[in-house]
Amino acid sequence: MKNIVVVGAQWGDEGKGKVVDILAPHFNIVARYQGGHNAGHTVRIGERKFILRLIPSGILHDECSCVIGNGVVVDPGAFNGEIEELRELGVECEGRLFISARAHLILPYHVALDRVREERLGANSVGTTMRGIGPAYEDKASRCGIRAGDLFYPDLLREKIRANIEEKNLELASIGAETVELDSSLDEFLAEALRLVPFIRDTAAMINTATRDGKSVLVEGAQGTMLDVDHGTYPFVTSSNATAGGAATGLGLPPRNITGALGIAKAYTTRVGGGPFPTELLDKHGAYLQKRGNEYGAVTGRPRRTGWFDAAVAGYAVMLNGFDALALTKLDVLDEFDEIKISTAYRCHGELLEGMPYGANVLAECEPVYETLPGWKANTSRTTNFDELPSAAKDYIRRVEELCGAPVALISTGPDRTETIIRNDSPVSAWMK
Ligand code: IMP
């Protein structure tokens with residue numbers, strides 16, 4: 001059995017899309033288990049650039065089937081738009097892309113509420129992607145959510161949506177926000193949503209039948225460990241379990257059938273939105289990382305905050321997800337630094353902390369404890385062989401491994417699929433057999 005979960009080891013945007021794209025041809029199914037179109041997985045193949053927000057990156061490989069699991073929240077308009085974009089690029093989705101009947105849908109009132117709540121939080125806003133993700137998960141938990149399978153029962157569905165709109169409008173009106181117009185909103189939504197019907201299946205049953213028949217599943221995480229609703233920098237998190245455990249509930253894949261986990265970490269750190277970021281660089285180095293690393297959100301276009309590699313963050317991710325290995329991306333972005341820093345731990349009010357502090361409020365008061373390593377001052381972009389890396393770059397990678405407690409099995413040295421080092425005799429090379 002080979003069912004591997006790929007999870008971001010930082011605050012998202014680590015380059016999961018590229019890694020999933022490299023691994024996908026070695027798997028039968030690629031599945032998403034959480035999040036929605038707040039994710040932005042950029043994949044570059046030659047001159048062509050794809051940004052996948054909701055549909056698993058495996059869709060770019062004809063031989064893969066793709067699943068949007070029950071743990072994902074689906075915006076019908078976004079889904080249809082992505083299908084169209086892919087069609088224009090010559091990628092057909094029908095017959096090999098499936099949405100769980102149990103996946104919750106994002107409705108216009110979720111988007112309205114996301115926006116209004118963020119505005120009201122002002123300086124304390126989470127900095128969400130404004131896609132309605134949080135409010136859709138709230139409805140799931142409070143048992144008034146609309147699920148993809150409800151589309152098979154249009155009369156009941158209309159009734160449920162009507163009741164929800166009335167309820168949401170009370171909330172919107174109470175805070176002086178514009179309410180959602182009932183009939184037009186319902187009709188518009190249904191026009192988009194009913195186009196999902198041919199894709200809807202009992203995907204948990206599909207996946208379990210497939211694994212019983214010897215098929216393999218590559219499970220594609222979105223966001224990252226530090227954005228996990230339970231383990232991340234709460235409340236500056238997304239509203240789902242981005243960590244590996246979410247793969248079991250978000251797909252209906254039994255935990256014992258998840259046979260491996262790969263963590264993706266950038267060679268430095270980035271974060272979009274609000275919340276603490278101990279290694280953030282607000283100086284010329286941070287600006288350089290942003291420019292050289294092209295650190296702008298794939299979904300919202302927002303500039304990403306940048307900072308040095310934080311081994312406390314990545315080590316915490318190794319612990320929570322049980323990573324067999326790490327993939328270190330964007331190594332080449334560090335090529336020109338004279339010196340490179342890694343944060344090994346935090347100090348809070350003079351005290352050295354072990355592990356990850358409890359909450360965002362404590363983390364905000366932590367200072368990173370830095371170790372300085374010499375830069376390699378050489379071009380590593382497009383390198384495909386570990387032995388050809390400058391010795392200072394190899395030392396940097398070895399130090400990351402030591403501090404995080406996991407081997408670095410894959411190193412990305414450029415945006416293209418081919419600009420990648422896959423280390424021999426590593427978990428990743430074994431999964432690619
Ligand atoms: P939401 O997921 O839109 O509710 O946003 C919650 C937080 O997660 C915000 O800080 C977002 O910037 C962040 N976030 C959501 N999706 C991603 C992603 O794919 N990459 C990086 N950050 C994300």
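This briefing describes how several helices pack, what surrounds the ligand, and two points of backbone geometry. The structure is a predicted model. Two packed helices are described by the angle between their axes and the distance between the axes, and the three helix pairs below are presented in that way. Helix α6 takes part in two of these pairs, since it packs with α5 and its axis also comes within 8 Å of that of α2.

**Helices α5 and α6**

- Helix α5, which covers residues 154–174, packs with helix α6, which covers residues 182–193, at an angle of about 135 degrees, and their axes are 11 Å apart.
- With that angle, α5 counts as oblique to α6, and α5 passes α6 in a right-handed crossing.
- On the α5 side, the residues that meet α6 are Leu157, Arg158, Ile161, Arg162, Ile165 and Glu166, while on the α6 side they are Leu182, Asp183, Ser185, Leu186, Asp187, Phe189 and Leu190.
- Sorted by class, this contact of α5 with α6 has seven nonpolar, one polar and five charged residues.

**Helices α2 and α6**

- The axes of helix α2 (residues 76–88) and α6 come within 8 Å of each other and cross at roughly 40 degrees.
- That angle makes α2 oblique to α6, and the crossing in which α2 passes α6 is left-handed.
- Pro76, Gly77 and Asn80 of α2 make this contact with Phe189, Glu192 and Ala193 of α6.
- By class, the contact of α2 with α6 has three nonpolar, two polar and one charged residues.
- Phe189 of α6 appears in both contacts, where it is listed among the residues that meet α5 and among those that make the contact with α2.

**Helices α3 and α4**

- Helix α3, spanning residues 108–121, and helix α4, spanning residues 133–141, pack at an angle of about 115 degrees, with their axes 7 Å apart.
- In this pair, α3 passes α4 in a right-handed crossing.
- The residues making the contact are Tyr109, His110, Leu113, Asp114 and Arg117 from α3, together with Ile133, Pro135, Ala136, Glu138 and Asp139 from α4.
- By class, the contact of α3 with α4 has five nonpolar, one polar and four charged residues.

**Surroundings of the ligand**

- The ligand is surrounded by 16 residues, of which the closest are Asp13, Asn38, Thr129, Thr238 and Arg302.
- In the side chain of Asn38, an N or O atom is 2.8 Å from an oxygen atom of the ligand.
- Arg302 places a polar side-chain atom 3.0 Å from an oxygen atom of the ligand.
- For Val272, by contrast, the atom concerned is a polar backbone atom, which is 3.3 Å from an oxygen atom of the ligand.

**Backbone geometry in loops**

- Tyr234 and Pro235 are joined by a cis peptide bond, for which omega is about 5 degrees.
- Pro235 has its place in the loop between β10 (217–220) and α8 (245–251).
- Arg143 has a positive phi of about 65 degrees, although this residue is not a glycine, and Arg143 is found in the loop between α4 and α5.

Notes: Residues numbered from 1 in each chain as written. Predicted model: local features only at pLDDT ≥ 70, side-chain atom pairs only at ≥ 80, totals over all residues. Heavy atoms only, no water. Axes fitted to C-alpha atoms, helices over the stretch in contact; angles between N-to-C directions. Helix = DSSP H or I, 4+ residues; strand = E, 2+ residues; numbered from the N terminus. Parallel < 35°, antiparallel > 145°, perpendicular 65-115°, else oblique. Left-handed = near helix turned anticlockwise from the far one by under 90°. Contact = heavy atoms within 4.5 Å. Nonpolar A, V, L, I, M, F, W, Y, C, P; charged D, E, K, R; others polar. Near = heavy atom within 4 Å. Polar contact = N/O pair within 3.5 Å; in protein donor to acceptor, adjacent residues only side chain to side chain.
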